[in-house]
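Subject: Structure handover and notes

Hello,

Here is the structure I promised to pass on. My notes on it follow below.

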Amino acid sequence: MQQQQQGNRFFFNVDWITVLIYIALCAIGFTNIFASVPPEQTEVFSFTTLYGKQLIYIITGLILGLSILLFDGRLFNVFSPFIYGGTLILLMAVLVIGNKVAGNQAWIAIGSFKLQPAEFAKFGTALLLARYVGAFNPKFRDIKSIAIAGLIVGAPLLLIMLQPDTGSALVFLAFMFPLYREGLSGYFLLIFLGMIVLFVADFLVPTYILIIIITAIAGLFIYNNRRKQKIIFSTVLVTIFAIGYLFLIKVAYEKVLAPHQRSRIELMLGLKTDNKGAGYNVIQSQIAIGSGQATGRGFLQGTQTKYGYVPEQSTDFIFSTIGEEWGFMGCSVVIGLYIFLLLRLINLAERQRSTFSRVYGYSVACILFFHVFINIGMTIGIIPVIGIPLPLISYGGSSLWSFTILLFIFLKLDSNRMGFI
């Protein structure tokens, strides 16, 4: 009896505000997926349509999320290595038996359903990373602790790159921020930012000029710190790495990235125009969002949306549907919900008493932020199209279920933060 009362107390200690935000985003997703189908497919309860299938995913997702709240919270810590290992096995399996769609071998067919292991690898990685930091309390000031954390994150990232699914792989860089919260030096974030700047600059400025600029900056820095040998040594290493990175960019661009990925980068940087080819999706998406103006054209009134001018409008480009039919106000509501959810998750993470729960909570928030920022950014043309879903809104069972698991595990951990378990 005491155990049953304790279980009820845990269940009602859940942060239901976060659950309501989750439900609201799922409802927005269903509404806009319904709006994006052709005019002749508007039967609400037709489960053969995309929105009908999405309704099934939402219902089963809610059941899955509520079921997670009934588990013993300690299980997620104890079984994290097995969950992580299971997702790695799926990532390896998809390279052998997976279906290839749009150049990516990223899905395993299970009847009519297509499972995307990369989506589930995110919460598996978050759990194991949180277990490592919680169990060993590393300060990330030595090579060993950084290497172990890097291996945990890097293994699934590498397997996803082999599919190749660059978009999903880039999301794993979000784990750098929870590690920064736990003591990783800010220099790593500066290096990461510098790599992005150099990547862009290498396309816009001749390589030899960049080498001269990097060398000049390094020389000035060394001169100002000429009596500090450690700083001089570190500066020389960083300079060599930066120059080598410039040449690595060229090799990776030519040998690793697929032709359509190279085209998207060139379009974003303004190196070429292709209004009828690689740039078509983004142009049509921008037209759809712009035509919504302040209040939108109205539900089911979007011409770009309803007549299929924007490819992948129910998945990667679902935000263009919101922009056209609900306008600036609708976009603001959706972005506002995401910001509120992110701030809520960070607040919940900060109040955790265990390191495991805190690291996991920050991982959830950072993964969500990366997805929202990249997805909305690519629909309005400020980020290359790399094909990742808008959390809880884009069509897809794998995406919705993985975010459900990711979120509800943290809600369960938060409900036990007072140490009842």
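A residue is called buried when its relative accessible area is under 20%, exposed when it is over 50%, and partly exposed in between (1.4 Å probe, protein chains only). The model is a predicted one, so local features need a pLDDT of at least 70 and side-chain atom pairs count only at pLDDT 80 or more, while totals for chains, interfaces and linings use all residues. Numbering starts from 1 along each chain as its sequence is written, and side-chain values use heavy atoms, with hydrogens and water left out.

Salt bridges

A salt bridge here is a side-chain nitrogen of Lys or Arg within 4 Å of a carboxyl oxygen of Asp or Glu. The structure contains eight of them. Helices mentioned below are DSSP runs (H or I, at least four residues), numbered from the N terminus.

One of the salt bridges joins Asp15 to Arg344, with 2.5 Å between the closest N and O atoms. Asp15 sits in the loop between helix H1 (2-12) and helix H2 (16-36), and Arg344 in helix H16 (residues 318-350), so this pair ties together parts that are 329 residues apart in sequence. Asp15 has 6% relative accessibility and counts as buried.

Arg297 and Glu324 form another salt bridge, the closest N and O atoms being 3.6 Å apart. Arg297 is in the loop between helix H14 (280-291) and helix H15 (303-306), and Glu324 is in helix H16, so the bridge connects parts 27 residues apart in sequence. The two ends differ in exposure: Arg297 is partly exposed at 41%, whereas Glu324 is buried at 0%.

A salt bridge within one helix is the one between Glu119 and Lys122, at 3.1 Å from N to O. These two residues are three apart in helix H6 (residues 117-136), which separates them by about one helical turn. An α-helix has 3.6 residues a turn, so residues three or four places apart point the same way. Glu119 is buried, with 2% relative accessibility, and Lys122 is also buried, with a relative accessible area of 2%.

There is also a network of salt bridges that links Arg181, Glu182, Glu350 and Arg358. Arg358 belongs to helix H17 (residues 355-379) and counts as buried at 14% relative accessibility. Taking contact as heavy atoms within 4.5 Å, and leaving out residues up to four places away in sequence, Arg358 touches Arg181, Glu182, Ala349 and Gln352.

Aromatic pairs

Rings of Phe, Tyr and Trp (its six-membered ring) are paired if their centres lie within 6.5 Å; planes under 30 degrees apart are stacked, over 60 edge-to-face, and the rest tilted. By that rule the structure has 17 aromatic pairs. Phe34 and Phe299 make a stacked one, with 6.1 Å from centre to centre and 25 degrees between the planes. Phe34 is in helix H2 and Phe299 in the loop between H14 and H15, 265 residues apart, and the pair links these distant parts of the chain. Phe34 is buried at 9%, while Phe299 is partly exposed at 34%. Both belong to a cluster in which ring pairs link Phe30, Phe34, Tyr51, Phe299 and Trp326.

Nonpolar cores and helix H18

A nonpolar core is a set of buried Ala, Val, Leu, Ile, Met, Phe, Trp, Tyr and Cys residues joined through side-chain atoms within 4.5 Å. The largest has 93 residues, and Tyr360, Ile393 and Ile409 have the most contacts inside it. H17 supplies the largest share of this core, 13 residues. Outside its neighbours within four places in sequence, Tyr360 contacts residues including Phe123, Leu127, Ile405, Ile409 and Leu413. Another core, of twelve residues, lies apart from the largest one, and among its members are Ala201, Leu210, Tyr245 and Ile249.

Helix H18 (residues 397-415) has 19 residues, 18 of them buried, so the helix is largely enclosed by the rest of the structure. From first C-alpha to last, H18 reaches 26 Å, close to the expected 27 Å (1.5 Å times one less than the number of residues).

Backbone

Most residues other than glycine have a negative phi. Phe140, in the loop between H6 and helix H7 (143-161), has a positive phi of about 55 degrees and is buried at 2%. Gln293 also has a positive phi, of about 50 degrees; Gln293 lies in the loop between H14 and H15 and is exposed, at 61%.

Regards
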